Amino acid sequence: MITLDGVRRNYSNEVAIGPLDLTIPAGGVTALIGPNGAGKSTLLTMIGRLMGMDSGAIAIAGNDVARTPSKHLARIVSILRQENHFITRLTVRQLVGFGRFPYSKGRLTVDDEKIISQAIDFLHLQDLEGRYLDELSGGQRQRAYVAMVLAQDTEYVLLDEPLNNLDMRHGVQMMQHLRRAAEELGRTIVIVLHDINFAARYADRICAMKNGAIVEFGTPQEIMQDDVLTRVFDTPVQVIDGPHGPLAVYY
Ligand code: ADP
Ligand code: MG
């Protein structure tokens with residue numbers, strides 16, 4: 001379980017995030033949605049302690065994020081940021097190996113290599129594992145970063161718009177991989193999604209943010225309503241019955 005209690009972060013007089021009060025249950029996939037600038041990345045990076053908060057408290061599985069030693073926290077939660085992915089002369093396999101750092105401190109054991117291979121297989125990167133990151137397409141690189149995060153082998157996985165740069169097939173595959181990670185590996189996945197229809201199809205819960213606040217939290221059934229989505233996104237949205245459940249139409 002992830003809990004936020006009165007969490008605030010002020011960037012300036014004009015931009016204030018929070019206070020955020022939220023409980024994300026353990027297990028399954030929770031999608032974070034909302035317009036640009038709503039505060040989704042801020043929320044995720046505070047949970048992952050890549051950014052501090054001005055007040056309030058965050059706990060992950062009972063561990064106070066502000067007080068837990070980094071060494072310990074890195075075995076509980078992993079995070080893929082929306083930006084700042086480094087592109088260097090690293091191969092895919094070397095990058096995925098970085099996910100093992102909290103355990104190996106740079107000396108990879110046989111077990112580490114096994115977990116790295118599993119993460120590479122999980123994202124169908126076998127044929128690309130020897131390639132350098134700067135020799136990949138944006139979507140291939142995105143999958144390599146997700147593999148790195150999964151190799152960190154944490155119960156909690158935070159992903160900020162991991163479908164960016166992915167074509168339809170890889171977008172769908174990525175969500176199927178993440179559902180499998182939740183169901184078969186028992187991971188708790190919190191994912192920022194741009195496309196509400198991916199959230200409706202693959203998430204167990206949807207959390208909607210707007211103007212630095214959490215404005216909705218519920219099942220896809222509860223959130224996929226004309227009035228709810230129209231309010232969240234400030235644009236007319238119509239929900240129709242699709243072949244696999246509700247679909248939002250907004251163009
Ligand atoms: P989202 O991920 O939902 O698009 P963000 O969390 O990135 O939103 O941003 C929330 C708000 O905080 C936006 O208004 C954004 O302009 C502002 N913001 C984000 N990062 C910074 C920063 N480093 N300095 C100042 N303002 C920021
Ligand atoms: Mg963002």
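Which protein donors does the magnesium ion (ligand 2) have? The numbered points below start there. The model is predicted.

1. **Metal site.** Two residues supply the protein donors of the magnesium ion (ligand 2): Ser 41, through OG, and Gln 82, through OE1. They lie 2.0 to 2.2 Å from the ion. Ser 41 belongs to helix 1 (residues 40-47). Gln 82 sits in the loop between strand 6 (77-80) and helix 3 (92-98). The pair therefore ties together parts that are 41 residues apart in sequence.

2. **Exposure of the donors.** Are the two donor residues buried, exposed or in between? Ser 41 has a relative accessibility of 26%, so it counts as partly exposed. Gln 82, with a relative accessible area of 27%, is partly exposed too. The cut-off for buried is under 20%.

3. **Shell of ligand 1.** The residues around ligand 1 are Tyr 11, Val 15, Ile 17, Pro 35, Asn 36, Gly 37, Ala 38, Gly 39, Lys 40, Ser 41 and Thr 42. By class, five are nonpolar, five polar and one charged. Helix 1 gives the largest share of this shell, three residues. Ser 41 appears in the shell and is also a donor to the magnesium ion.

4. **Polar contacts of ligand 1.** Which residues place polar atoms beside oxygen atoms of ligand 1? Lys 40 does so with its side chain: a polar atom there lies 2.8 Å from a ligand oxygen. Gly 39 uses a polar backbone atom, at 2.9 Å from an oxygen of ligand 1. Ala 38 also uses a polar backbone atom, at 3.2 Å. Taken alone, ligand 1 exposes 560 Å², and the protein buries 58% of that area.

5. **Helix 1 as a whole.** How many of the eight residues of helix 1 are buried? Seven are, so the helix is largely enclosed by the rest of the structure. The buried residues are Lys 40, Thr 42, Leu 43, Leu 44, Thr 45, Met 46 and Ile 47. Ser 41, at 26%, is partly exposed. After the helix comes Arg 49, which has a positive phi, near 60°.

6. **Thr 42.** This residue is in helix 1 and belongs to the shell of ligand 1. Its relative accessible area is 8%, so Thr 42 is buried. Leaving out residues up to four places away in sequence, Thr 42 touches Arg 9, Tyr 11, Ile 17 and Met 51. Tyr 11 and Ile 17 are themselves among the residues around ligand 1.

7. **Strand 6: Ser 78.** Ser 78 is in strand 6. With 1% relative accessible area, Ser 78 is buried. What does its side chain contact? The side chain of Ser 78 makes a polar contact with that of Thr 154, at 2.8 Å. Setting aside neighbours within four places in sequence, Ser 78 is in contact with Val 149, Gln 152, Thr 154, Tyr 156, Val 157 and Leu 158.

8. **Strand 6: Leu 80.** Leu 80 is in strand 6 as well. Its relative accessibility is 2%, so Leu 80 counts as buried. Its C-alpha atom is 9.3 Å from that of Gly 48, although the two residues are 32 residues apart along the chain. Strand 6 spans 77-80, and the loop that follows holds the donor Gln 82.

Notes: Residues are numbered from 1 along each chain as its sequence is written. Chains are lettered from A and ligands numbered from 1 in the order in which they are written. This is a predicted model: local features need pLDDT of at least 70, side-chain atom pairs count only at pLDDT 80 or more; totals for chains, interfaces and linings use all residues. Side-chain values use heavy atoms; hydrogens and water are left out. Donors are N, O and S atoms within 2.8 Å of the metal (3.2 Å for Na, K and Ca); water is not among the atoms, so sites may look incomplete. Helices (H or I, at least four residues) and strands (E, at least two) are DSSP runs, numbered from the N terminus. Buried means under 20% relative accessible area, exposed over 50%, partly exposed in between (1.4 Å probe, protein chains only). A residue is near a molecule or strand if one of its heavy atoms lies within 4 Å of it. A polar contact is a pair of N or O atoms within 3.5 Å; within protein, one must be able to donate a hydrogen and the other to accept it, and residues adjacent in sequence count only if both atoms are side-chain atoms. Accessible areas come from the Shrake-Rupley method with a 1.4 Å probe; for residues, only the protein chains shown count as cover. Ala, Val, Leu, Ile, Met, Phe, Trp, Tyr, Cys and Pro count as nonpolar, Asp, Glu, Lys and Arg as charged, and the others, Gly among them, as polar. Contact means heavy atoms within 4.5 Å.
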